[in-house]
Amino acid sequence: MFNKTAFELSQLSKHYQESGQQQLIFEHLNLSVAVGEFIVLLGRSGSGKSTLLNLISGIDQPSSGDIWVNETNICTLSEHQRTLFRRHHIGFVFQAYNLISTLTVEENLLLPLELIKPIDEYDRDKVRDLMAQLRLADRLDTYPDRLSGGEQQRVAIARALIHSPDIILADEPTGNLDLETGEQVLELLDKLVRDAGKTLIMATHSHEVIGQADRVFAINNKVLQLVTDTL
Amino acid sequence: MSSILKKASRNFLYRHPWQLCLAILGITLGVAVVVAIDLTLESSLQTFTQTAQALSGKASHRIVASDGGLDEKLYTALRVEHGIQNLSPVINSYAVSVTPPESTFKLYGIDPMTESSFQSAWQQQEGTGNGLRLISEPNTVLMSRQTAKKMGLQIDDQLTVMTDTGAHDLRIIDWLPEDDAGASELLENLLITDIATAQELLGLVGKLSAIDVLIAPDQGAKLQDLRNALPADVLLMSLDNQVESLQQMTHAFTINLNAMGLLSLLVGMFLIYNTMTFLVIQRRALIGSLRSIGVTRQQIFQLIISEALVLAIIGTALGILLGIILGQSLLHIISGTINAFFFRIEYSTLILSPLQIAKGILLGIGATLLAVLAPAWEATRQSPQHALLRSQLESGVRRLMRSVIMVALLFILCSFMLILLSGTNVSLSLISIFLLLFGFALLTPVVTLLLMTFLERTLGRFSSIVARLPVRMVKAEISRTGIAIATLMIAVSVSIGMDIMIGSFRLTVSEWLQTSLQADLYVNLAGNTQASNKSTMDRRLKTNLAGLEGVEMLSSVLHTQLISGQTLTKVTVFELNEKSRQGFVFKQQGNAVWDSFSQKNTILVTEPYAYHHHTKIGDKILLRT
């Protein structure tokens, strides 16, 4: 079903220094994810799900191992190059939404585009279309703090998708939402990502999402284990 | 940079107006004090030189004598016997108007027929018409229209003035030309008359206050000829070097005031640093979000710096405006001090020069950018996931503590070494004080942490969790609380330091007055000491006073100026009774010094004189009389 590889993790390990002691998060992780695949990462709090997403996005650096994206090992890139990589190839959805509170909804969506190139009317139409799909067309001029949690997360999803990144990383996207809103957001995220043919990696506690994923992994005892595979 | 990115940052500031105002206030106050002091000092100096230039014209040198004045025969001898033509005799004194409103005039006697190349700007505008009238019509003067208007006088009106020789009626024959506002200030309360009239009015017949000389810089031989032709008790001063010597006179005074200005800028910088750090810390989540969507470190740095630049421009502009207003108020106080201690300034107008404004701009913007460098660097240093965690900053600050202690101790050590090495150098002393302040400011967060730990442990045994919370908060947010406490420490220490200094000065003055003022009555003999019969009249008065019933003893004092080296030195001549001697406090030899003083050709010097001229006991000083 999936042919091309979106990214590949090879012997990936991560540990932190804390109070002079080494804290191992996970080690020797190997994973190959195809373009368009929907991967769910399960695991308890502190198991390393968010750390893994941070490594894939280039926010953090692994202690050892490699991350290959489009034949580039992002672990060898400088901090500046990793930021530019993230700008072009990654869309991030956070549990706490992390929208820019001082910008309107429209500006929040235009910012990732403006970081890549000057904005034109096509970009503005793209924002309007996406917001219409999210049923938020009338909230373009609203500041994020005036939106409900569900609305904010829908805007965050739109922001992660607006610049057509290759990989969408979602870190507990429903963690701050009630069950019903959470289900709606997950459904929306799944639909938009699949429609756009993008790769989605979602870290979550929620088992409800398992049915929608192509593969489900869990980080247990510092190693990555395949839970289900629908492929 | 992305305009939306800029807007994200700008909107944050709009949402926190009080912090925005605080940052601008910090810059404004710092710049205002520095600009005000700078403008005031420079204006006082400029006023003096402009007045001198307005009256002396293009003169390059001035021949002066001690308080006895110059004999006018010297002028004739220089012109006729030595063939030196570019000379202009001057009488320079004061007269008080009897006609209400009473005011003091600077009475300036000139030779109206002096060569045109030698004349000052107002003389050239004036032409020769009025000059001839000043010579041919007795008791005639020129004055400024502005001064005359204040006194309600018209051309051909009489102005009665009082001098040592009594009351005199002077007739105004014309106005002095005033080409601009500056000139009208210079010419205010000035009476110009011809030299013979001035001599008669002041009782200085046969005397001159000075002779102005015009010699081009390349005519060294001519200058040497003139120097050779002058008697030993006459001094040839370069007017070009006058500004330099005035600057030297006021050097320590200027440095002290500038240091105060810089100190206020330093406190302002702490305020800016604190506010900007706070603004950055508050935006850590925002910065984290921006970083996670691909905003680079450079862009974040540019964002914070450009934000600070805008604040700096607003703050500096306001600071310069406030500095000018503050300078106007300070001008009278500072020019009063300069009048009292250094040289006489006739009027006080704030003179704005582009250089001083540029200095204010540079200081305001430079200081702001310097203060914001650390927060800007801090904002960009963290990776996005760390930027979302506040604890990371605090742990970073704590890691820095050891280095901070080392730097602080190094500053304090350097400060003590500089204090030992500085000797009489004011600049070095001030640098050492600044180093000491910086050193203690850097130690403040460490001391705060230690104190809070001690308090926490002490409170831990006896108090509730709520009571321990503030202590924990101070510790937990030491990156901000430490700086705030350091700022407060600097402000309080400077305030206490100034208070002690002023208190000590007052005490010294009070002690000096108590020991110095031993007499029951003091008689001030006003008047021009150059007047021909002044000395005889004063001696006669002293004899008469001594003969009065109830007068037990008398002491007399004469203040004069004598030539020593290439300068005029203030000399005070005493005839003291036993009781008056008790008012003197000697630095090294105690009261036994009076035995040596009673011998011929011995003098006492003041502590400042010894300090400035590196004079020791036993040294010889040549005074020309």
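Start by showing chain A and chain B together in two colors: between them they bury about 2200 Å², with 57% of that area on carbon and sulfur atoms. On the chain B side, select B:I4, B:R15 and B:I293; these supply 29% of the area that chain B buries against chain A, more than any other three residues. Keep in mind as you go that this is a predicted model.

**Stop 1: the interface**

Now select the residues of each chain that touch the other chain. You should pick up 25 residues from chain B and 24 residues from chain A. If you turn on polar contacts, the count between chain B and chain A is 14 residue pairs, both members at pLDDT 80 or more.

Which helices of chain B should you color here, given that each supplies at least two residues of the side that touches chain A? Color α1 (3-15), α12 (284-292), α13 (297-341) and α15 (384-387) of chain B. Of these, α1(B) deserves its own color, since the largest share of that side, eight residues, comes from it. Coloring by residue class gives another view: the side of chain B that touches chain A has ten nonpolar, eleven polar and four charged residues.

**Stop 2: charges across the interface**

Four salt bridges are found across the interface of chain B and chain A. To see one of them, show the side chains of A:D145 and B:R15, whose closest N and O atoms are 3.8 Å apart. You have already met B:R15 as one of the three residues named for their share of the area chain B buries.

Next, select A:E79, B:R291 and B:R297 together. Save that selection under a name, as these three residues return at the end of the next stop.

**Stop 3: salt bridges in chain A**

Over all chains, a search of the whole structure finds 21 salt bridges. Begin with A:R215 and A:E37, where the closest N and O atoms are 2.4 Å apart. A:R215 lies in strand β9 (residues 215-220) of chain A and A:E37 in the loop between β2 (21-34) and β3 (38-42) of chain A, so this pair ties together parts that are 178 residues apart in sequence. Are these two residues buried or exposed? Both A:R215 and A:E37 are buried.

Move on to A:K117 and A:D123, another salt bridge, with 2.8 Å between the closest N and O atoms. Try a surface view here to compare the partners. A:K117 is partly exposed, with a relative accessible area of 35%, whereas A:D123 is buried, with a relative accessible area of 3%.

For a salt bridge inside a helix, select α6 (residues 179-196) of chain A and show the side chains of A:K191 and A:D195, which meet at 2.9 Å, N to O. The two residues are four apart in that helix, and therefore separated by about one helical turn. A:K191 counts as partly exposed at 47% relative accessibility, while A:D195 is exposed, with a relative accessible area of 55%.

Then bring back your saved selection: salt bridges that share partners join A:E79, B:R291 and B:R297 into one network.

**Stop 4: the fold of chain B**

Hide chain A and switch chain B to cartoon. Chain B has 23 helices and 13 strands, and 42% of its 625 residues count as buried. Looking at contacts in chain B between residues at least 6 apart in sequence, 74% join residues at least 24 apart.

**Stop 5: strands around β7 of chain B**

Select strand β7 (residues 166-176) of chain B along with strand β5 (residues 140-144) of chain B; the two pair in the parallel sense over five bridges. To line them up, show B:V141, whose bridge partner in β7(B) is B:I172.

Now add strand β6 (residues 158-163) of chain B. In which sense does β6(B) pair with β7(B)? The pairing is antiparallel, over six bridges. Here B:Q158 stands opposite B:R171 in β7(B). Follow the chain from one strand to the other and you will trace a hairpin, with two residues between β6(B) and β7(B).

**Stop 6: a buried threonine**

Finish at B:T147, which lies in helix α6 (residues 145-151) of chain B. B:T147 is buried, with a relative accessible area of 2%; the cut-off for that label is under 20%. What does B:T147 touch, not counting residues up to four places away in sequence? Show B:F105, B:L187, B:E188 and B:N189 to see those contacts.

How values were computed. Residues numbered from 1 in each chain as written. Chains lettered and ligands numbered in written order. Predicted model: local features only at pLDDT ≥ 70, side-chain atom pairs only at ≥ 80, totals over all residues. Heavy atoms only, no water. Contact = heavy atoms within 4.5 Å. Buried area = accessible area lost by both parts, 1.4 Å probe. Polar contact = N/O pair within 3.5 Å; in protein donor to acceptor, adjacent residues only side chain to side chain. Nonpolar A, V, L, I, M, F, W, Y, C, P; charged D, E, K, R; others polar. Pairing = 2+ DSSP bridges. Buried < 20%, exposed > 50% of the residue type's maximum accessible area, 1.4 Å probe, protein only.
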